[in-house]
Amino acid sequence: MATVFRATASLFSPQQQNLKLIHSSSSRRSFCCRRRGFGIRLRAMAAQSAIVEEEEKPLVRNLAFPIMVNGCTGKMGKAVIEAATSAGLQLVPVSFSSEEDAGQVVQLGGKDIHVHGPSGREDILASVFHENPDLIVVDYTVPSAVNDNAELYSKVGVPFVMGTTGGDRERLYKTVEDSKIYAVISPQMGKQVVAFLAAMEIMAEQFPGAFSGYSLEVMESHQASKLDTSGTAKAVISCFQKLGVSFDIDQVQLIRDPKLQLEMVGVPEEHLAGHAFHMYHLTSPDKTVSFEFQHNVCGRSIYAEGTVDAAIFLASKVRSKADKRIYNMIDVLREGNMR
């Protein structure tokens, strides 16, 4: 998994920078290309280590609890299961998915996981929760299922981590608030990306209107199976709006065509099926100043590891009977005890 973060500010002219987000066939451009100007580039390369330090082993045992991953037939669900088992969590061999996937038995995390469709879910979840009172549910299903799933978890009373984006978010929060269950809800589970979002929130709070009059262009590229606009993009755009930029979500340029992702965006071919490349480009009214914020993620491990940290965090809050019930990934980051 490769993750790239880049923020660039430039005083060169548009002709020198050649920063248009929409390109002709003769002007290919990569999100990762270098430009003249000054910039800060943070690159994180993560690789799984085969060495586990001895002092970490007791921590994993102490944190062990049952985890149920809904949407296990999807790529994110599978990645979370892999990360959860690596962390020593106890995988429950039950998962909810679509009607099309119902009845399947999939082998993941060393277990045969029985996949159930929409029918009978309440009784099944109640039974699983009764057998596993420390259960944490992780949801990586589809946007259209977000609210119904949250209402199910709330009705049964099981704590959950909502990693699925989309749905009616206002309704989602109200459902959880009314039920008073514990939950981590975040449009972004990648810890480093969340740290970037937190920095954006701080800038928006402390310097409202700082970019008044600036125009904004946003491009985001994800695998073709991602149907909705990125929740991360929505959060970043919200910050820019607080900073004085006029921009509507429907102006985001969504790239889902693999050919464009290869030729225009610069996504490595091996990561076409799982990536998140985002570009936010600001231009001053007179076109003499431009700012660019970029974060590129290849693969899913950054999200899976963050999701497991969120589940561990949530389990600790449930055990301690914390007063606060609804959390996000910034809360998880602030806890400071991630793996």
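**Notebook: helix packing and sheets in a predicted model**

I looked up the helix pair α7 and α8 and recorded that α7 passes α8 in a left-handed crossing. The model is a predicted one. The angle between α7 and helix α8 (residues 231-242) is about 15°, and their axes lie 8 Å apart. Because angles under 35 degrees count as roughly parallel, I entered α7 as roughly parallel to α8. I then listed the residues in contact: α7 contributes Val193, Phe196, Leu197, Met200, Glu201 and Ala204, and α8 contributes Thr232, Ala235, Val236, Cys239, Phe240 and Lys242.

**Entry: α3 and α10**

I next checked α3 against α10, which pack at an angle of about 60° with an axis separation of 8 Å. That angle makes α3 oblique to α10. I noted the crossing of these two helices, α3 and α10, as right-handed. On the α3 side I found Met76, Ala79, Val80, Ala83 and Ala84 in the contact, facing Tyr303, Ala304, Glu305, Thr307 and Val308 of α10.

**Entry: the six-stranded sheet**

I traced an open sheet of six strands, ordered β4-β3-β8-β9-β10-β15, with parallel pairing. Its edges are β4 (90-91) and β15 (326-327), each of which pairs on one side only. Within this sheet I examined β8 (residues 136-139) and β9 (residues 160-162), parallel strands joined by three bridges. Here I found Val138 opposite Val161 of β9. Helix α5 (residues 146-156) packs on the sheet, where I recorded contacts to β3 (66-70), β8 and β9; the direction of α5 makes about 170° with that of β9. I also followed helix α10 (residues 301-320), which lies across β3, β8, β9, β10 (183-185) and β15 and runs at about 145° to β9.

**Entry: nonpolar cores**

I looked up the largest nonpolar core and found 42 residues in it; Phe65, Ile67, Leu89, Val161 and Val184 have the most contacts inside this core. The elements that each supply at least two of its residues include β3, α3 (75-86), β8, α7 (191-206) and α11 (329-335). Its largest share, ten residues, comes from α10. I entered separately another core, which lies apart from the largest one and has 23 residues, among them Val92, Ala150, Val158 and Met162.

**Entry: α5 and its surroundings**

I asked how many residues of α5 are buried. Eight of the eleven are, so I noted α5 as largely enclosed by the rest of the structure. The buried residues of α5 are Val146, Asn147, Asn149, Ala150, Leu152, Tyr153, Ser154 and Val156. I identified part of their cover: it includes β3, β5 (94-96), α4, β8, β9 and α6 (169-179). Just after α5, I recorded a positive phi of about 90° at Gly157.

I then examined helix α4 (residues 121-131), which packs with α5 at an angle of about 45°, the axes being 10 Å apart. That makes α4 oblique to α5, and I recorded their crossing as right-handed. I listed Arg121, Glu122, Leu125, Ala126 and Phe129 of α4 as making the contact with Asp148, Asn149, Leu152, Tyr153, Lys155 and Val156 of α5.

**Entry: the three-stranded sheet**

I found an open sheet of three strands in the order β5-β7-β6, with mixed pairing. The edge strands are β5 and β6, and each pairs on one side only. Direction ignored, I recorded that neighbouring strands of this sheet are turned by 35° against each other on average. β5 and β7 pair in the parallel sense over three bridges, and in β7 I located His116 as the bridge partner of Phe96. Helix α4 packs on this sheet, touching β5 and β7, and its direction makes about 145° with that of β5.

I followed the pairing of β6 and β7, which is antiparallel and spans four bridges. In β7, His114 is the bridge partner of Val105. The hairpin of these strands has two residues between them, and Gly109 in this hairpin takes a positive phi near 60°.

Finally, I asked which side chains of β6 are buried. I found that Val106 and Leu108 point to one face and are buried, whereas Val105 and Gln107 point to the other and are not.

Key. Residues numbered from 1 in each chain as written. Predicted model: local features only at pLDDT ≥ 70, side-chain atom pairs only at ≥ 80, totals over all residues. Heavy atoms only, no water. Pairing = 2+ DSSP bridges. Contact = heavy atoms within 4.5 Å. Axes fitted to C-alpha atoms, helices over the stretch in contact; angles between N-to-C directions. Core = buried A, V, L, I, M, F, W, Y, C linked by side-chain atoms within 4.5 Å. Buried < 20%, exposed > 50% of the residue type's maximum accessible area, 1.4 Å probe, protein only. Parallel < 35°, antiparallel > 145°, perpendicular 65-115°, else oblique. Left-handed = near helix turned anticlockwise from the far one by under 90°.
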